[in-house]
Amino acid sequence: AKNVELADAKSQALTQSAQNRYDAECGGVVLNSKFYSTDRHSQAAIANLSGTINYKCAMTVKRDIVQPDGKVVKTVCVGSPVFANTDMSELQKAVSDHVQLCFENEAKLMNDIASASNVTALRSINLKSGYPSPPPQDPG
């Protein structure tokens, strides 16, 4: 194994922790059974909306099916429309809480990294612990 200086190892751990926080932060949230993206652009858009947003969600799948003889059959499957009423204040709070949790967890890990007295202690820190798991994305 390569001999690693503690300062270099801490720097690498901080970089990895920041990446893990970013991945978790932008991984999305589920509110009222609907997936919402939490990337930086989505966070800004959600923060600027207010009231209740009513939108029509319909599952539309477009797929070209290639037959064994090489012919292509174009298909479109449209599911029943669903009207989703999203209370933006509730969504803003959910996204804000999610992002805050990610930053608080990163701060804890940064403290743990700074407190590590040697490389072995540093390697025992799970840099992925404490972050929310990304929810499954809406297939529609």
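Which residue caps the N-terminal end of helix H2? In this predicted model, that role falls to Asp39, whose side-chain oxygen lies 3.0 Å from the backbone nitrogen of His41.

From this capped end we can follow helix H2 itself, which covers residues 40–47 and in which Ser42, Gln43 and Ile46 are buried. These buried residues lie on the same side of H2, because they cover an arc of only 105° around the helix axis. Among the elements that cover the buried residues of H2 are helices H1 and H3.

Gln43, whose place is in helix H2, deserves a slower look. Its relative accessible area is 16%, and because buried means under 20%, Gln43 counts as buried. If its neighbours within four places in sequence are left aside, Gln43 is in contact with Glu25, Thr38, Val95 and Val99.

We now turn to the nonpolar cores. In soluble globular proteins, nonpolar side chains tend to be buried together. The largest nonpolar core of this model has 12 residues in all, including Ala9, Ala13, Cys102, Leu109, Ile113, Leu122 and Tyr131. At least two residues of this core come from each of three helices, namely H1 (6–25), H3 (88–115) and H4 (119–123). Apart from this core lies another one, of eight residues, and among them are Leu31, Ile46, Val95 and Val99.

Tyr131, one of the residues of the largest core, shows what surrounds a single member of that group. Leaving aside its neighbours within four places in sequence, Tyr131 is in contact with Ser17, Asn20, Arg21 and Ala24, and also with Cys102, Asn105, Glu106 and Leu109.

Key:
Residues are numbered from 1 along each chain as its sequence is written. This is a predicted model: local features need pLDDT of at least 70, side-chain atom pairs count only at pLDDT 80 or more; totals for chains, interfaces and linings use all residues. Side-chain values use heavy atoms; hydrogens and water are left out. A nonpolar core is a set of buried Ala, Val, Leu, Ile, Met, Phe, Trp, Tyr and Cys residues joined through side-chain atoms within 4.5 Å. Buried means under 20% relative accessible area, exposed over 50%, partly exposed in between (1.4 Å probe, protein chains only). Helices (H or I, at least four residues) and strands (E, at least two) are DSSP runs, numbered from the N terminus. Contact means heavy atoms within 4.5 Å. The arc is that of the directions from the helix axis to the C-beta atoms. A polar contact is a pair of N or O atoms within 3.5 Å; within protein, one must be able to donate a hydrogen and the other to accept it, and residues adjacent in sequence count only if both atoms are side-chain atoms.
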